[in-house]
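Q: Please take a close look at the enclosed cavities in this model. I am new to the structure and would like one connected description.

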Amino acid sequence: MRSFLVAGTFLLSVLLYVDRVCISAAKSDVTAELSLSDQQMGWVFAAFSLGYALFQTPSGLLADRLGPRRVLASIVAVWSLFTGLTAAAGSFASMLAVRFLFGAGEAGAFPGMARAMYSWIPMQERGLVQGINFSGSRIGAAVTLPLIAGLIAQIGWRPTFVILMGVGCVWSIVWLVFFRDDPKDAKWLSESEREYILANRQSDSKTDAIDGAAKASLTSTMWRSGSVWALCVQYFASNFIFFFGLTWFFPQLMTRYGLTGMQASLFTALPMVCGAIGNWTAGWWVDRLYARGKWRLSRRLPAAVGFTLAAIGIVGSAYATTPLSSSLWFSLCIFGADMTLSPSWSTCVDIGKSNAGVVSGTMNMAGNIGSFVTSLAFPYLLSWTGSPVPFFYVAAMLNITAIVLWFRIDPATPLLENAA
């Protein structure tokens with residue numbers, strides 16, 4: 001059943017963000033034990049983003065060529081190893097190195113999932129499935145913050161990272177045993193469901209008709225595409241907002257309002273839950289508009305509405321006077337930002353087809369350059385200006401720019417069709 005694919009990738013998305021957000025929950029303990037400043041901790045956050053960004057396109061290429069079964073199983077095992085090795089870090093330099101390699105290991109996860117979506121998920125279900133997948137990352141972050149904060153308080157931050165390594169290894173083994181790259185090869189799949197998937201998934205016949213030289217020019221074709229450039233810049237804006245929620249929102253709440261780690265974790269979890277709801281909402285909306293024959297609008301409208309809400313929410317959070325109001329405004333922001341994910345990744349699959357891994361990997365690379373910039377922009381702007389407000393206005397302006405860019409993106413024109 002394709003429900004196995006959806007469940008497996010949903011759990012993978014949860015695991016991605018459990019492992020990723022753990023460093024934010026452990027910030028106080030890590031900085032105290034390793035004697036790190038906020039600026040140095042910003043570089044630790046940024047090291048992950050840099051490794052994650054740089055290996056997106058290569059990982060997407062691997063998923064396209066080798067298939068998501070082997071690629072996803074391998075990368076989950078690799079990043080789980082570096083999750084465990086985080087516990088061995090004893091200095092600023094070693095923490096930078098292990099977090100960079102952890103980011104590089106995680107890089108192929110979402111491009112690999114996108115490639116699996118192309119083979120397994122019918123066009124009319126693509127938006128909702130993408131929304132469900134990304135909601136897993138938000139639910140993972142929401143559950144993790146209080147859970148990890150409590151676990152760290154009980155056993156310490158180093159053993160916590162080792163436990164998370166074991167969880168990832170279990171997922172990797174299960175995926176390798178049960179998943180297949182194409183429903184044609186899944187012996188456990190019923191014949192009726194196999195026929196349904198093959199009849200309703202996106203056709204790649206035009207791509208198949210293109211010669212090898214045209215396929216080899218995919219990279220140059222991709223970088224000449226206005227849609228790809230617009231996708232990359234708008235995803236930079238989306239990640240600029242969201243990665244702040246994964247990294248600095250938690251510690252700045254503690255500092256700004258004098259909260260304990262557990263109190264801050266609860267206020268930080270609320271925006272992540274709203275992010276999951278934003279993913280579900282946009283995924284449903286994408287599929288509903290597509291079913292009405294509005295392919296372009298099904299991607300553009302949910303994304304534009306999402307960026308509008310994100311801009312309003314981030315400015316509201318800047319002027320909040322209580323931790324609750326700050327959390328509520330930021331929840332609106334993350335709800336909106338996460339409404340952009342389903343249309344973004346659905347569009348990558350639309351235009352990339354069997355090359356969805358490399359297209360989505362390239363977009364995600366740009367997005368995680370946004371995460372890298374966020375990791376450093378917040379502590380440095382705060383240090384230079386003495387206020388968090390300038391950072392929030394920069395984020396709002398990026399969101400407004402992204403709204404304009406979405407109307408330059410054409411999901412109905414495949415990349416290799418242009419290259420023919």
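A: The account below takes the cavities in turn and then two helices beside them in the discussion.

The model is a predicted one. Rolling a probe the size of a water molecule over the atoms shows where empty space is left. In this model the count comes to three cavities of 30 Å³ or more.

The largest cavity has a volume of about 130 Å³. Its lining is made up of 18 residues. Those that lie nearest the centre of the largest cavity are Tyr 17, Arg 20, Tyr 235, Asn 239 and Phe 242. Several helices take part in this lining: helix 1 (2-25), helix 8 (126-155), helix 14 (226-246), helix 19 (341-352) and helix 20 (356-385) each supply at least two residues. Helix 14 gives the most, with six residues. By residue type, the lining of the largest cavity divides into ten nonpolar, five polar and three charged residues.

The second largest cavity has a volume of about 60 Å³. The residues lining the second largest cavity are Arg 20, Val 21, Ile 23, Val 44, Phe 45, Phe 48, Arg 99, Phe 243, Leu 246 and Thr 247. Arg 20 thus appears in this list, and Arg 20 is also among the residues nearest the centre of the largest cavity. At least two residues of the second lining come from each of helix 1, helix 3 (38-54) and helix 14. Helix 1 and helix 14 also each supply at least two residues to the lining of the largest cavity. The lining of the second largest cavity divides into seven nonpolar residues, one polar and two charged.

Helix 3, one of the contributors to the second lining, can also be described by how it packs with helix 6 (residues 92-106). The axes of helix 3 and helix 6 come within 6 Å and cross at roughly 30°. Angles under 35 degrees count as roughly parallel, so helix 3 and helix 6 are roughly parallel to each other. The crossing in which helix 3 passes helix 6 is right-handed.

A residue from another helix can be added. Arg 224 lies in helix 13 (residues 218-224). Arg 224 counts as exposed because its relative accessibility is 63%, and the cut-off for exposed is over 50%. Between Arg 224 and Arg 69 there are 30 Å in space, C-alpha to C-alpha, and the two are 155 residues apart in sequence.

Conventions:
Residues numbered from 1 in each chain as written. Predicted model: local features only at pLDDT ≥ 70, side-chain atom pairs only at ≥ 80, totals over all residues. Heavy atoms only, no water. 1 Å grid on protein atoms, 1.4 Å probe; cavity = no way out; pocket = protein on both sides within 12 Å on 5 of 7 lines; lining within 4 Å. Points joined across faces, edges and corners; volume = space filled by probe spheres on them. Helix = DSSP H or I, 4+ residues; strand = E, 2+ residues; numbered from the N terminus. Nonpolar A, V, L, I, M, F, W, Y, C, P; charged D, E, K, R; others polar. Buried < 20%, exposed > 50% of the residue type's maximum accessible area, 1.4 Å probe, protein only. Axes fitted to C-alpha atoms, helices over the stretch in contact; angles between N-to-C directions. Parallel < 35°, antiparallel > 145°, perpendicular 65-115°, else oblique. Left-handed = near helix turned anticlockwise from the far one by under 90°.
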